[in-house]
Structure formats: structure tokens, C-alpha cells
Amino acid sequence: MEPDQLFRFLDILGVVANALLGGAVARSKNFDAIGFLILAIISGMGGGMIRDALLNTMPIALTDPWYLPSAIVAALIALAVDTRGTWTNRILLVADALVLGCWSATGASKALYVGLGVFPAIFLGVITAVGGSMLRDVLVNRVPGVFGGNPLYASISILGAGIMVVFQSQGLPLWGMSVSTILCALLAIIARWRRWTLPAATALTMPRPRIPAHLRDRTFYGKAVPRRKTRLPLRLRSRRAETGQALWEEAGQSGSAANDGIGPEPVEEPGDGREPGPLS
């Protein structure tokens, strides 16, 4: 089998596998036949359609005679057969892992072919691989699984797209497609088996410095550190205010009694005791 035919087979296999996974989600939500069809088509071909729309080209899912019929057949199979069994789910996940690197490399290769840079090529490679599952989860009002808490998937797609960018820049696109497909498949299977996940977000906080008790009234870094003023409870503050008002009123009554017609006696001037006589 020629490499191009092998990659095309993997491409169609990925469409069927993801369409069956979309059908399993539709069965868990008790959807009817239309729900099965829409989720199967979106899951199987959504990423490639987003990629082609961003590249301003006709989606290959609409021009290739195999993509849309494959998704429709997979939707009908999922509608008739419950694919949520243990072994069935494992087979679908293995098929999805096989196509993860193939789709990532395909998206990156198409972006490089139209003249985009490295980072846009990697971005479109990841969109090609995970865009369909993201749309499926959004349609059923569910947080996309690639956002965290699940085994590595989008991170492996980034690696696959990066591998394709390196090999295609050296003129070896077939080698890039092969290495990306095999390596991403192995990593995806091992990540699901070993439950490899990315670390969650952390919050770094700076502890507030505490001043020792024997330094609180001294200086801290050359500046005086005032002692913290403590406020009394409202009940004690109101009682203190009432006591101060009573003392003030008592002091005012005492002052008014002291000045109520009673003043200091006049002081007599010292003399010789004789009556002053007429002036001569």
C-alpha cells in the first residue's frame, strides 16, 4: 500500500471512529436520529471543516466522496447498536489515538502549503485534531474534554503538529506524517492507560511580614511603627460616652453654684487706722 493510500485510510478511519463516539454521546443524551446525525458529522469532520474555513478554501469534507457518507453510516450504526461497551469503547479510543497524529500533521501541512508560519501551522494542526470533539461537547452543553482533567490529548496534538513542521521544512512530508502518526498514537494510548494529565493551576501568595512583639514600639526599617489602636466594643463605647456626659454635667452644676451671687470678699488696703482728713 502506498503511503498516500495508507494516510487516506487512517483519515477515513478517524472520521468513522469519531462519528461513532459522537453517536455514543447522542445515545447518552437520549437524542433522536437527527441528533445522532448532527453529532456524528460534527465529531468526525468538524475539525477539518474549521481548518478549511480558516484557510479560506472549500472544505474537503464536502468535496471528497468518502467523508460525509462515512460519517452518516457511522451515525446509523451508532443509532442501531449501543457502542458504549467496555471493549467497543477501547477499540474506538485506539482508533482515535491512531488518527490523532495523522490529523495534526495534515492540518499543519496544509497551513505550511499556503505559506503560513510555524505557529499558525501548529495551531491549525491542533484545531484539525481536536476541533470536532470540542464542537460536540459545546453542542451538548458540556465543558470540552481538552480543557483539562482528562488524559493528555491536545498536548500530544501540539507535538504531532510540531513534528510535521520540522520534517516538512526539511522536505520530508511523508516522514513527518509517519513519525507524527506513530508517536502520537503511542503517547495517546499510554497517556490514557497511565492517566497522564497536565498539572492544574496554582496560586502563589506572599506571606505578610509579622513584627515581633518586642519591636512593635521601636523602629522597623528605619521608620517608627505605631502601635495598633484597639477600638472598644460598641457597648463599652456608649457606656464611656454616658459616663463622660454625666461628669460634664456635674462639673457644670458645680461651677454655676460657685458663681451664684457668692464672690470673694474685698481685700482691705493696709494703712495706719486713721480716717482720711480733708485736703489742706
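In the predicted model, the secondary structure of the protein chain comprises 9 helices and 2 strands. Read from the N terminus, the elements follow the order α-α-α-α-α-α-α-α-β-β-α. The two strand symbols therefore stand between the run of helices that opens the chain and the helix that ends the series, as the order α-α-α-α-α-α-α-α-β-β-α and the DSSP assignment show.

At the level of the whole chain, 33% of the 280 residues count as buried. The accessible surface amounts to about 19,300 Å², and carbon and sulfur atoms account for 63% of that surface. Contacts between residues at least 6 apart in sequence were also examined; of these, 72% join residues at least 24 apart.

A single position in helix α4 illustrates such separation along the sequence. V73 belongs to helix α4, which spans residues 67–80. The relative accessible area of V73 is 47%, a value that does not exceed the 50% required for an exposed residue, so V73 is classed as partly exposed. The C-alpha atom of V73 lies 9.4 Å from that of A40, although 33 residues separate V73 and A40 along the chain.

Charged side chains were considered next. Side chains of opposite charge can pair when their charged atoms come close. In the model, 5 salt bridges were counted. One of them is formed by the side chains of D64 and R8, with an N to O distance of 2.8 Å. This pair links distant parts of the chain, since D64 is located in the loop between α3 (60–63) and α4, whereas R8 is located in helix α1 (residues 3–28), 56 residues apart. D64 has a relative accessible area of 12% and is therefore buried, being under the 20% cut-off. R8, by contrast, has a relative accessible area of 33% and is partly exposed.

A further salt bridge joins the side chains of R51 and D52, with an N to O distance of 3.0 Å. For this pair the relative accessibility of R51 is 4%, and the relative accessible area of D52 is 3%. Because both values are under 20%, R51 and D52 are each classed as buried.

A salt bridge is also present between D137 and R136, whose closest N and O atoms are 3.4 Å apart. D137 and R136 are both buried. Salt bridges with shared partners connect R136, D137 and R142 into one network.

The interior of the model was then searched for enclosed space. Rolling a probe the size of a water molecule over the atoms shows where empty space is left. The search gave 1 cavity of 30 Å³ or more, and the largest cavity holds about 30 Å³ of space. The lining of the largest cavity consists of N18, S43, W103, T128, A129, G132 and S133. Helix α6 (residues 118–139) makes the largest contribution to this lining, with 4 residues. By class, the lining contains 2 nonpolar and 5 polar residues, and no charged residues are found in the lining. W103 and A129 are the nonpolar members, because Trp and Ala fall in the nonpolar class.

Conventions
Residues numbered from 1 in each chain as written. Predicted model: local features only at pLDDT ≥ 70, side-chain atom pairs only at ≥ 80, totals over all residues. Heavy atoms only, no water. 1 Å grid on protein atoms, 1.4 Å probe; cavity = no way out; pocket = protein on both sides within 12 Å on 5 of 7 lines; lining within 4 Å. Points joined across faces, edges and corners; volume = space filled by probe spheres on them. Buried < 20%, exposed > 50% of the residue type's maximum accessible area, 1.4 Å probe, protein only. Contact = heavy atoms within 4.5 Å. Areas by Shrake-Rupley, 256 points an atom, 1.4 Å probe, with all protein chains shown as cover. Salt bridge = Lys/Arg side-chain N within 4 Å of Asp/Glu carboxyl O.
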